[in-house]
Amino acid sequence: MSDANLHAVSQDPDSFAVQIADSIESFIVATTEVAKGDEPDSAVPFLLLEISQLLLTGGRLGAHEDIIPDERYEPDTGPDLDVDDLRERFAVLLDPVDIFSEVFDPYEPRKAPVASRISDNLADIVTDLRHGLAHYRSGRTSEALWWWQFSYFSNWGPTASATLRALQSLVAHVRLDQPLQELEGLDTDEDITEDALAEEAGKVMAEEIAGPLGLRTAT
C-alpha cells in the first residue's frame, strides 16, 4: 500500500485505514456499552463476538507490510483516558468467571500458566486502541496505523487472543454441560503454578452462572 492510500481516508471510505479505524472505534463503543451492565444477560456472547471481530482487524494489521509513520518520534497525544471505571464495571459484571489461567507464549517451553482477569484485559485493549485512535482523529493516519500494528504484535493482540480463548471456553463449558472451575480466591499478582491453580480452583456448576451471563436459562 502506498503512502497516498494511507492518507486518502477522506476520499475513500473503503480504504484500509478507514476500515481499520472504523472497526476499532466500533469495538470501543460496543465494549463500553456492555460494561454499563444494562443487558447482563447478553454480556458474554456479545464480548465473544466483539473480540472475534477485533482479532480479524488485528489479523489484517498483522498481515500488512510494516507501516512506517511520517514522523521519527511519536507526537504527544496527551494523557490516556482513565479506564479504571471500565475495568471495575467488567470485574463486577463477569464475577465469578473473571479470573482465568493463561500461557503468555505457547512457544516458550515449560512456561507455567498464570492467573489473568478478563476485566483487566479488556481495559488494557481499550487503552491501546484509544491511543491509536487519538492519532487518527488528529489526522496522523500513518502514525495511528503504525501504533495499532505495533501494539497488535506487542500487547493488545496477544491479550485479545487470550481473552477470546477464555470467553470461548466459558461458552463451551455451558453449552456442553460441563462443570466449570472458578479460580476462587486467586490473586492475579501471585506466581501460581499449574498444580496450584488446580488446587485453588473451586468447582462451580455451569448452571449456576449460565443464567446471569446470558448463556442459557438457569434451571
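Visitor: Helices here are DSSP runs of H or I with at least four residues, numbered from the N terminus. In this predicted model, which helix holds both W146 and F150?

Guide: W146 and F150 stand 4 residues apart, about one turn of the helix. The element that holds both spans residues 141-175 and is helix α6.

Visitor: Is the aromatic pair of W146 and F150 stacked or edge-to-face?

Guide: A pair of aromatic rings is described by the distance of the centres and the angle of the planes. For W146 and F150 the centres lie 5.3 Å apart, and the planes meet at 5 degrees. Planes under 30 degrees apart count as stacked, so the pair of W146 and F150 is stacked.

Visitor: How many aromatic pairs does the structure hold, and how is the pair of W146 and W147 classed?

Guide: The structure holds 6 aromatic pairs. One of them joins W146 and W147, at 6.3 Å centre to centre and with 50 degrees between the planes. Stacked requires under 30 degrees and edge-to-face over 60, so the pair of W146 and W147 is tilted.

Visitor: Which residue of the aromatic cluster formed by W146, W147 and F150 is buried?

Guide: Buried means under 20% relative accessible area. W146 has 25% and is therefore partly exposed, and F150, at 42%, is partly exposed as well. The relative accessible area of 15% falls under the cut-off, so the buried residue is W147.

Visitor: Which helix gives the most to the largest nonpolar core?

Guide: That core has 44 residues, and those with the most contacts inside it include I51, F90, L129 and W156. Helices α2 (16-35), α3, α4 (84-94), α5 (118-137) and α6 each supply at least two residues of the core. With 12 residues, the helix that gives the most is α6.

Visitor: Which residues are in contact with L129, leaving aside its neighbours within four places in sequence?

Guide: L129 is among the residues with the most contacts inside the largest nonpolar core. In soluble globular proteins, nonpolar side chains tend to be buried together. Beyond its sequence neighbours, L129 is in contact with I24, F27, I28, L54, W148 and W156.

Visitor: Is T57 buried or exposed?

Guide: T57 lies in helix α3, residues 43-63. Not counting residues up to four places away in sequence, T57 touches I20, S23 and I24. Its relative accessibility is 6%, and the cut-off is 20%, so T57 counts as buried.

Definitions and conventions: Residues are numbered from 1 along each chain as its sequence is written. This is a predicted model: local features need pLDDT of at least 70, side-chain atom pairs count only at pLDDT 80 or more; totals for chains, interfaces and linings use all residues. Side-chain values use heavy atoms; hydrogens and water are left out. Buried means under 20% relative accessible area, exposed over 50%, partly exposed in between (1.4 Å probe, protein chains only). Contact means heavy atoms within 4.5 Å. Rings of Phe, Tyr and Trp (its six-membered ring) pair if their centres lie within 6.5 Å; planes under 30 degrees apart count as stacked, over 60 as edge-to-face and the rest as tilted. A nonpolar core is a set of buried Ala, Val, Leu, Ile, Met, Phe, Trp, Tyr and Cys residues joined through side-chain atoms within 4.5 Å.
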